[in-house]
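Hello,

Here is the structure we talked about handing over. My notes follow below it.

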Amino acid sequence: MRRIVDLVALPAGGYRVKFTPEQGLAAYSALGALARSSFTDTATKVQAGLGKKELRELAVRMPTDPDDPGADGLELSEEELHAIHAALMAVATLYLVNSAYFAQDPFQVEVGYLREHMDSLALGLAKAVSEATRPS
């Protein structure tokens, strides 16, 4: 089975993640959308584990082009990896109508991806971490 995300655990802690440009752009979009949301900084920390400033800083590190720094592998702390995963999962909640119905069209226009793609990337991250941290 092919991994969705290329990830290895680092001996000193954290992870080295190699995102494809599309995956990097999806993470960038999700992190940016949460950072721009109308939620307070505290609410954003509840959603993603980091405040808006930290989400913006993490977003700009995402490689979205093969020539970007980090395109050959980006070192991320567990906290940063959690923030990416959480942002991928939480960004859809920004597009709920009356707190109940998901609006796919505005989500796709603003974020640039289908919700299923964000969910798949989030699941791929979790599975890659599970594989990388499973005792041998």
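Helices (H or I, at least four residues) and strands (E, at least two) are DSSP runs, numbered from the N terminus. This is a predicted model: local features need pLDDT of at least 70, side-chain atom pairs count only at pLDDT 80 or more, and totals for chains, interfaces and linings use all residues. Residues are numbered from 1 along each chain as its sequence is written, and side-chain values use heavy atoms, with hydrogens and water left out.

The sheet comes first. Three strands form an open sheet in the order 1-2-3, with antiparallel pairing. Two strands count as paired if DSSP finds at least two bridges between them. Strand 1 (6-9) and strand 3 (74-76) are the edge strands, each pairing on one side only. On average, neighbouring strands are turned by 25° against each other, direction ignored. The axes behind that angle are lines fitted to C-alpha atoms, and angles run from 0 to 180 degrees between N-to-C directions.

Now the pairings. Strand 1 and strand 2 run antiparallel and are joined by four bridges. They form a hairpin with five residues between them. Gly-13, in the turn, has a positive phi of about 110°. Strand 2 (residues 15-18) pairs with strand 3 over three bridges, also in the antiparallel sense. Arg-16 has Val-8 opposite and Glu-75 in strand 3 as bridge partner. Val-17 stands opposite Leu-74 in strand 3.

Side chains alternate along strand 2. Tyr-15 and Val-17 point to one face and are buried (under 20% relative accessible area, 1.4 Å probe, protein chains only). Arg-16 and Lys-18 point to the other face and are not buried.

Next, the helix 1 surface. Leu-25 lies in helix 1 (residues 21-36). Its relative accessible area is 35%, so Leu-25 is partly exposed (between the 20% limit for buried and the 50% limit for exposed). Leu-25, Tyr-28 and Val-60 make a nonpolar surface patch of about 290 Å². Such patches take residues with over 30% relative accessible area and no salt bridge, nonpolar side chains being joined within 5 Å. A salt bridge is a side-chain nitrogen of Lys or Arg within 4 Å of a carboxyl oxygen of Asp or Glu. Areas come from the Shrake-Rupley method with a 1.4 Å probe.

Last, the aromatics. There are two aromatic pairs (ring centres within 6.5 Å). In one, Tyr-95 and Phe-107 have ring centres 5.4 Å apart and planes at 85°, so the pair is edge-to-face (over 60 degrees). Tyr-95 and Phe-107 are both buried. Ring pairs link Tyr-95, Phe-102 and Phe-107 into a cluster.

Best wishes

Definitions and conventions. Patches are made of residues with over 30% relative accessible area and no salt bridge: like charges are joined within 9 Å, nonpolar side chains (Val, Leu, Ile, Met, Phe, Trp, Tyr) within 5 Å. Rings of Phe, Tyr and Trp (its six-membered ring) pair if their centres lie within 6.5 Å; planes under 30 degrees apart count as stacked, over 60 as edge-to-face and the rest as tilted.
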